[in-house]
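Q: Please pick a single part of this model and look at it closely. Then carry on from there to the rest of the assembly, in one connected account.

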Protein chains: 2
Amino acid sequence: MMDVAREAGVSPMTVSRAFKSDSYVSAQTRKAIIEAADRLGYVMNSTAAGLSSQKTGFIAVTIPSINNANFADTVRGLTDGLRQSRLQVLLGSTNYDVDEEERLVRQLLTRRPEAIVLTGGVHTDKCRKMLENAGIAVFETWDLPKDPIDDVVGFSNANAAALLVRHLISTGRRKIAFLGGDASRDTRGFDRRRGFVNEMNAQNLDGNRLIEAGPPPISMREGAEAMAKLLTLWPDTQAVVCVSDLAAFGALSECQRRGVDVPRRIAICGFGAYEISEICVPPITTIDPQCYRIGQVVAQKIIKKIGLEPHTSSNTELGIQPSLVARASTGNY
Amino acid sequence: MMDVAREAGVSPMTVSRAFKSDSYVSAQTRKAIIEAADRLGYVMNSTAAGLSSQKTGFIAVTIPSINNANFADTVRGLTDGLRQSRLQVLLGSTNYDVDEEERLVRQLLTRRPEAIVLTGGVHTDKCRKMLENAGIAVFETWDLPKDPIDDVVGFSNANAAALLVRHLISTGRRKIAFLGGDASRDTRGFDRRRGFVNEMNAQNLDGNRLIEAGPPPISMREGAEAMAKLLTLWPDTQAVVCVSDLAAFGALSECQRRGVDVPRRIAICGFGAYEISEICVPPITTIDPQCYRIGQVVAQKIIKKIGLEPHTSSNTELGIQPSLVARASTGNY
DNA sequence: TTGAAAGCGCTAACAA
DNA sequence: TTGTTAGCGCTTTCAA
């Protein structure tokens with residue numbers, strides 16, 4: 001920066017100002033400085049800027065897996081929402097594991113992000129404590145935790161699953177199964193199963209047709225295998241709620257392979273409104289959790305909060321309303 | 001850190017050492033320091049550490065879209081490969097746009113990453129210059145640029161497409177179409193099309209059956225629409241090479257909707273070895289570009305290079321060998 | 001194995 | 001609108 005200042009014939013401080021869009025620098029001085037910087041191939045050093053200003057410009061984000069279109073959509077919403085700001089997403093993935101999440105959160109906090117966005121509302125005690133101590137805005141998403149750390153932008157996975165159950169019942173099905181992972185890690189998947197069981201019981205139906213397809217996340221292949229298991233165990237099943245569209249598509253493909261008619265012989269629904277559920281034949285009934293919108297809303301809230309500093313907890317939990325998308329895979333019974 | 005030092009009864013320098021796994025600190029001193037830090041809720045400040053040591057621990061990575069399982073797999077391979085090191089991925093997406101890439105690269109370089117990993121080998125002049133000036137290892141991936149900036153871990157998209165053409169010809173097809181985006185942005189998609197046309201010409205076949213499905217990336221829906229167009233324009237087409245598995249699955253779904261038999265009436269192949277191509281009915285012939293492996297290899301190279309500093313260009317371009325995965329969607333002609 | 005002094009490259013605060 | 005001074009929280013270097 002000193003080199004640029006010398007080249008442009010100004011003080012380093014003026015160079016610093018020229019690189020911040022808001023600061024008061026005369027247009028021609030700024031132009032001269034930018035040109036000098038270009039000539040010298042100078043690129044700002046955000047590390048030094050962050051140390052000095054105590055503002056790193058980072059928004060830390062944790063997702064279970066980078067390989068999941070739902071979470072990727074939330075990150076897109078967040079990134080797009082922050083594009084016009086000085087803020088930049090710093091992303092890490094937890095592999096659906098709270099201990100891994102704790103490690104990741106610790107690592108991310110060393111970067112002094114100005115806010116942190118978590119997927120899910122279940123964390124280790126240590127992790128929770130670190131987050132509370134960090135003195136920054138904390139967002140829990142994709143869930144509705146009973147005792148939130150700070151702010152929440154999410155929805156009830158249990159209620160969303162119940163929506164599917166009622167839809168299936170309204171189309172005349174009674175013998176309904178749930179296909180998901182084991183309850184070990186994916187708490188959102190577990191909540192969906194809980195929502196399924198509760199709603200089945202509330203409707204005086206048997207909520208015990210549960211197929212476990214291994215540790216989350218469930219792949220298409222595992223969905224197919226689980227469907228094979230289901231057809232063997234309870235061949236009279238009339239409908240199945242799958243923990244995600246990927247599992248649901250796997251299940252559908254297994255039916256196609258076996259010549260099992262969907263939806264007449266068995267109805268299938270998924271979760272997540274992945275593109276595939278819209279395009280496959282028949283298209284799959286699903287829940288749209290509004291992934292992109294979750295990210296967008298978090299971005300808006302962050303911009304609003306980081307304006308008023310230091311962090312003032314305004315804590316207006318925002319419920320997302322997942323919507324049922326009824327399609328042919330649950331029609332014509 | 002001074003507070004922790006006071007709490008533990010040592011100097012700040014000793015605390016600093018205690019937090020670096022390699023440094024010489026007696027086991028009991030370290031234990032006391034870690035406990036003191038825990039009591040105080042202290043978390044290291046990587047910003048200050050980075051400024052002082054001139055090592056930020058960041059590896060910058062650019063991908064066209066976070067919403068693409070192929071690139072996500074490469075990022076996974078990279079992240080997994082760096083897990084045991086002190087290095088952390090700093091990810092950004094370019095939206096398949098070189099100008100956006102330039103902006104992103106500039107932003108990422110302000111964070112002073114110790115290496116940068118790019119998707120693709122086509123960049124703006126300014127972007128290239130910035131990268132050359134940065135004095136860090138630069139990796140171009142998913143491509144085989146003629147004039148690489150530094151190091152390369154990729155493959156020839158054109159050759160991979162030719163592989164598919166030869167496969168289709170070997171199964172008896174002659175009237176073959178290509179289904180992809182317009183050539184505006186996705187240079188890898190464009191290279192695949194080029195490889196298709198060249199190979200068709202080399203085999204004395206008509207390489208002009210090209211369907212453009214809009215700006216990249218091509219969604220499943222656009223793949224379906226493009227297939228509809230293809231069946232109208234050239235109804236006697238015997239096979240179609242799609243720019244990606246997503247487009248291919250869209251095309252397949254359109255055939256199912258119309259009762260067009262795949263592979264007897266028309267064969268379909270894709271690109272990318274996405275999970276869907278393996279699970280759908282019939283499974284889709286594709287190219288496996290070894291996404292995860294690309295990331296793994298880059299991680300290995302980075303660890304090797306960042307050891308020997310400052311950056312010594314060892315520049316051993318590593319060719320990835322994409323493999324053909326022949327499946328039912330191109331069988332039984 | 002531990003400590004003291006200096007400084008990484010920038011920005012806040014104040015002055016002109 | 002521009003400049004001066006001090007210091008952000010660590011690590012490097014050198015000494016003990």
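A: **Starting from one glycine**

A:Gly223 counts as buried, because 31 C-beta neighbours lie inside 10 Å. (Buried means 20 or more other C-beta atoms within 10 Å of the residue's own, exposed means 12 or fewer, and partly exposed is in between; C-beta atoms are placed from the backbone.) Before going further, please note that this is a predicted model, in which local features need pLDDT of at least 70, side-chain atom pairs count only at pLDDT 80 or more, and totals for chains, interfaces and linings use all residues. Residues are numbered from 1 along each chain as its sequence is written, while chains are lettered from A and ligands numbered from 1 in the order in which they are written.

You will find A:Gly223 in helix H10 (residues 220–233) of chain A. (Helices are DSSP runs of H or I with at least four residues, strands are E runs of at least two, and both are numbered from the N terminus.) Beyond neighbours within four places in sequence, A:Gly223 is in contact with A:Leu179, A:Ala213, A:Ile218 and A:Cys242, and also with the residues A:Leu246, A:Ala247, A:Ala248, A:Phe249, A:Gly250 and A:Ala251. (Contact means C-beta atoms, placed from the backbone, within 7 Å.) The C-alpha atom of A:Gly223 is 9.1 Å from that of A:Ser244, which is 21 residues away along the chain.

Two of those partners lead us into the core. A:Leu179 and A:Ala251, along with B:Leu179 and B:Ala251, have the most contacts inside the largest nonpolar core, which has 182 residues. (Such a core is a set of buried Ala, Val, Leu, Ile, Met, Phe, Trp, Tyr and Cys residues joined through C-beta atoms within 7 Å.) Again leaving aside neighbours within four places, A:Ala251 touches A:Leu179, A:Gly223, A:Ala224, A:Ala226, A:Met227, A:Val240, A:Cys242 and A:Ile268.

Stepping back to the whole chain, chain A has 13 helices and 12 strands, and 52% of its 333 residues count as buried. Its C-alpha trace spans about 85 × 40 × 30 Å along the principal axes. Of the contacts in chain A between residues at least 6 apart in sequence, 69% join residues at least 24 apart.

Now to the meeting of the two chains. The contact takes 41 residues from chain A and 41 residues from chain B. On the chain B side, the elements giving two or more residues include H4, helix H5 (69–82), strand E2 (88–93) and helix H10 (220–233). That side divides into 18 nonpolar, 15 polar and eight charged residues. (Nonpolar covers Ala, Val, Leu, Ile, Met, Phe, Trp, Tyr, Cys and Pro; charged covers Asp, Glu, Lys and Arg; the others, Gly among them, are polar.)

One residue of chain A with partners in both chains is A:Arg112, whose contacts beyond four places in sequence are A:Gly50, A:Thr56, B:Asn45 and B:Thr47. A:Arg112 lies in the loop between helix H6 (98–109) and strand E3 (115–119) of chain A, and is buried, with 22 other C-beta atoms within 10 Å.

Finally, the DNA. Of the 22 residues around strand D, A:Ser11, A:Met13, B:Met1, B:Ser16 and B:Ser52 come nearest. (A residue is near a strand if its C-beta atom, placed from the backbone, lies within 6 Å of it.) The largest share of that surface, five residues, comes from H4(B). By class, the surface near strand D has 12 nonpolar, nine polar and one charged residues. Around DNA strand C there are 21 residues, with A:Met1, A:Ser16, A:Ala48, A:Ala49 and A:Ser52 nearest; here H4(A) gives the largest share, five residues. The surface near strand C has 12 nonpolar, nine polar and no charged residues.

H2 of chain A, which supplies at least two residues near strand C, also packs on helix H3 (residues 27–40) of chain A, with axes that come within 9 Å and cross at roughly 95°. (Axes are lines fitted to C-alpha atoms, for helices over the stretch in contact, and angles run from 0 to 180 degrees between N-to-C directions.) H2(A) and H3(A) are therefore roughly perpendicular. (Angles of 65 to 115 degrees count as roughly perpendicular, under 35 as roughly parallel, over 145 as roughly antiparallel and the rest as oblique.) A:Thr14, A:Val15 and A:Ala18 of H2(A) meet A:Thr29, A:Arg30, A:Ile33 and A:Ile34 of H3(A).

Notes: Contact = placed C-beta atoms within 7 Å.
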